[in-house]
Amino acid sequence: MKTIKHSFCVLLIALTALCMISALPLAAAAEGSVPIRGDADCNGVVDVKDVTEIQCVLAELKDDSDGQLTLRADINGDGLDISDATQIQMYLVEFDNIWHIGEPLVQPQPTTVQPTTKKPVPTRDTYDLPIIFN
Ligand SMILES: [Ca+2]
Ligand SMILES: [Ca+2]
């Protein structure tokens with residue numbers, strides 16, 4: 001009897017650990033730490049629910065006043081429209097993924113310009129006409 005209890009406890013601990021590991025990507029996405037391109041509902045997975053989410057926003061059944069859904073779901077960068085839903089559908093049926101759907105959305109990083117000690121070389125405007133003295 002004691003062996004059965006022990007086995008049950010080990011099984012319960014293993015299942016709990018498995019559940020925690022499988023929930024990690026969803027938890028990370030839910031925190032909004034790594035937005036995924038095409039993940040309109042921000043659940044960490046790009047699926048047909050994201051297509052429905054886009055359609056609901058386009059039909060004004062859902063609000064996206066903060067623009068976060070558009071940020072994640074605007075696949076081609078021209079604003080949220082029905083072509084974004086179409087691109088996600090094509091991704092789901094494994095067409096070429098030219099828009100990197102399902103990959104982490106890379107935010108543009110600010111660039112810094114390194115200071116230079118060189119004096120700038122004067123350049124001649126190519127449209128200046130040469131001066132001719134007689
Ligand atoms: Ca999703
Ligand atoms: Ca778009």
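# Helices and buried residues in a predicted model

Glu60 counts as exposed, because 8 C-beta neighbours lie inside 10 Å. A residue is buried if 20 or more other C-beta atoms lie within 10 Å of its own, exposed if 12 or fewer, and partly exposed in between, with C-beta atoms placed from the backbone. This is a predicted model, in which local features need pLDDT of at least 70 and side-chain atom pairs count only at pLDDT 80 or more, while totals for chains, interfaces and linings use all residues. Residues are numbered from 1 along each chain as its sequence is written, and chains are lettered from A and ligands numbered from 1 in the order in which they are written.

## The chain as a whole

The protein chain holds five helices and zero strands. Read from the N terminus, its elements are α-α-α-α-α. Helices (H or I, at least four residues) and strands (E, at least two) are DSSP runs, numbered from the N terminus. The chain has 134 residues, and 17% of them are buried. If contacts between residues at least 6 apart in sequence are taken, 46% of them join residues at least 24 apart. Two residues are in contact if their C-beta atoms, placed from the backbone, lie within 7 Å.

## Helices α3 and α5

How do the axes of α3 and α5 cross? Helix α3 covers residues 48-58 and helix α5 covers residues 82-92; their axes come within 9 Å and cross at roughly 170°. Axes are lines fitted to C-alpha atoms, for helices over the stretch in contact, and angles run from 0 to 180 degrees between N-to-C directions. The two helices are therefore roughly antiparallel to each other, a term for angles over 145 degrees. On the α3 side, the contact is made by Val48, Asp50, Val51, Ile54, Gln55 and Leu58. On the α5 side, Ile82, Asp84, Ala85, Ile88, Gln89 and Leu92 take part. By type, the residues of this contact are eight nonpolar, two polar and two charged. Here Ala, Val, Leu, Ile, Met, Phe, Trp, Tyr, Cys and Pro count as nonpolar, Asp, Glu, Lys and Arg as charged, and the others as polar.

In α3, Asp50, Val51, Glu53 and Ile54 are buried. Viewed down the axis of α3, these residues fall within an arc of 160°, so they line one face of the helix. The arc is that of the directions from the helix axis to the C-beta atoms. The buried residues of α3 pack against α4, residues 68-73, and against α5.

In α5, the buried residues are Asp84, Ala85, Gln87, Ile88 and Tyr91. They too lie within an arc of 160° when seen down the axis of α5, so they line one face of that helix. The buried residues of α5 pack against α3 and α4.

## The nonpolar core

A nonpolar core is a set of buried Ala, Val, Leu, Ile, Met, Phe, Trp, Tyr and Cys residues joined through C-beta atoms within 7 Å. The largest one here has 13 residues, and Val46, Ile54, Ala73, Ile88 and Ile101 touch the most other members. Helices α3, α4 and α5 each give two or more residues to this core. The largest share, three residues, comes from α5.

Val46 sits in the loop between α2 (24-30) and α3. Apart from neighbours within four places in sequence, Val46 is in contact with Ile36, Gly38, Asp39, Ile88, Tyr91, Ile101 and Gly102. Val46 and Glu103 are 57 residues apart in sequence, yet 9.5 Å apart from C-alpha to C-alpha. Ile101 touches Arg37, Gly38, Val46, Ile75, Gln87, Ile88 and Tyr91, with residues up to four places away in sequence left out.

Gln87 belongs to helix α5. Its contacts beyond four places in sequence are Ile75, Asn76, Trp99 and Ile101. The C-alpha atoms of Gln87 and Ala73 are 9.9 Å apart, with the two positions 14 residues apart in sequence numbering.

## Four residues by burial

| Residue | C-beta neighbours within 10 Å | Class |
|---|---|---|
| Glu60 | 8 | exposed |
| Cys42 | 19 | partly exposed |
| Val46 | 22 | buried |
| Gln87 | 23 | buried |

## Positive phi values

Most residues other than glycine have a negative phi. Where does phi turn out positive near 55°? Cys42 has this value, and Cys42 lies in the loop between α2 and α3. Glu60, in the loop between α3 and α4, has a positive phi near 60°. Glu94, just after α5, takes a positive phi of about 65°.

Definitions and conventions. Angles under 35 degrees count as roughly parallel, over 145 as roughly antiparallel, 65 to 115 as roughly perpendicular and the rest as oblique.
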